[in-house]
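Okay, thanks for making time, everyone. I'll put the structure up and then walk you through it, so grab a coffee and have a look.

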Amino acid sequence: MMDETRRRFLALAAVAPVAAVAMGRLAPARADTCADPATLPAAQKSLRASLDFEAVSKEPGKRCGLCAFFKGTGDCGSCQILTSQVSANSICSSFAAKAG
Ligand code: SF4
């Protein structure tokens with residue numbers, strides 16, 4: 001017969017993977033790692049809001065890294081419209097595809 005400690009351990013071990021997946025689905029979209037939204041100046045927050053800026057684009061073909069206003073080659077770059085750092089995976093309503 002299993003003792004109570006072992007029984008609880010096995011029950012938690014069985015539930016842990018399911019809980020981890022559920023938490024991942026409930027977590028907000030990955031935050032912008034290039035500019036901490038909490039420390040942005042009010043004017044920058046307002047500009048981002050007016051342009052419907054999102055930290056992570058939901059459209060694979062439309063993201064800052066593919067935008068003509070994005071300057072940079074890595075995960076972080078500079079947006080000429082926002083005049084601030086943005087993630088290559090972010091997006092806003094001013095997106096304009098880079099010329100081929
Ligand atoms: S204009 Fe918008 S989509 Fe283009 S780089 Fe700036 S924030 Fe990203």
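Let me start with a question: among contacts in the protein between residues at least 6 apart in sequence, what percentage join residues at least 24 apart? The answer is 68%. Keep that in mind while we go round.

One caveat up front: this is a predicted model. The average pLDDT for the protein is 81, and 69% of the residues score at least 70. Where is the confidence lowest, and where is it highest? The low end is helix α1, residues 4-26, with a mean of 50, and the high end is β1, at 98. Over residues 15-29 the pLDDT drops below 50, and that stretch makes two contacts in the model beyond its near neighbours in sequence. As a rule, where pLDDT is low, the predicted coordinates should not be read in detail. I'll leave that part alone, then.

Now the overall layout. The protein has two helices and three strands, and along the sequence they come as α-α-β-β-β. Out of 100 residues, 20% count as buried.

On to the sheet. The three strands form an open sheet in the order β1-β2-β3, and the pairing is antiparallel. Why do β1 and β3 each have one side without a neighbour in the sheet? Because β1 (70-71) and β3 (84-87) stand at the edges, and each has a single partner strand. Strand β2, residues 76-79, is joined to β3 by four bridges, and these two run antiparallel. If you want to trace that pairing on screen, C76 has S87 as its bridge partner in β3, and C79 stands opposite S84 in β3.

Between those two strands there's a hairpin with four residues in the connection, and T83 takes a positive phi near 50° there. T83 is in the loop between β2 and β3, and it isn't a glycine. In general, most residues other than glycine have a negative phi. Is T83 buried or exposed? T83 counts as exposed, because it has 9 C-beta neighbours inside 10 Å.

There's another one of these. D52, also not a glycine, has a positive phi near 55°. You'll find D52 in the loop between α2 (42-50) and β1. D52 counts as exposed as well, with 11 C-beta neighbours inside 10 Å.

Right, the ligand. How many residues surround the ligand? There are 14, and the closest are C64, C67, F70, C79 and C92. By class, that shell has twelve nonpolar and two polar residues, and no charged ones.

Now look at the largest nonpolar core. It has twelve residues, among them C34, A35, F53, L82, V86, I91 and F95. C64, C67, F70, C79 and C92 belong to that core, and those are the closest residues to the ligand. For background, nonpolar side chains tend to be buried together in soluble globular proteins.

C79 is a nice residue to click on. Leaving out neighbours within four places in sequence, C79 is in contact with C64, F69, F70, S84 and V86.

Last stop, the segment after β3. F95 lies there, and so does S94. Buried or partly exposed? Let's take them one at a time. F95 has 21 other C-beta atoms within 10 Å, so F95 is buried. S94 has 16 C-beta neighbours inside 10 Å, so S94 counts as partly exposed.

What does each of them touch? Not counting residues up to four places away in sequence, F95 touches K62 and C67. With the same sort of neighbours left aside, S94 is in contact with L51, F69 and I81.

And the distances take us back to where I began. F95 and F69 are 26 residues apart along the chain, and their C-alpha atoms are separated by 7.7 Å. S94 and D52 are 42 residues apart along the chain, with their C-alpha atoms separated by 8.9 Å.

That's my tour. Over to you.

Definitions and conventions:
Residues numbered from 1 in each chain as written. Predicted model: local features only at pLDDT ≥ 70, side-chain atom pairs only at ≥ 80, totals over all residues. Near = placed C-beta within 6 Å. Nonpolar A, V, L, I, M, F, W, Y, C, P; charged D, E, K, R; others polar. Core = buried A, V, L, I, M, F, W, Y, C linked by C-beta atoms within 7 Å. Contact = placed C-beta atoms within 7 Å. Pairing = 2+ DSSP bridges. pLDDT = per-residue confidence, 0-100.
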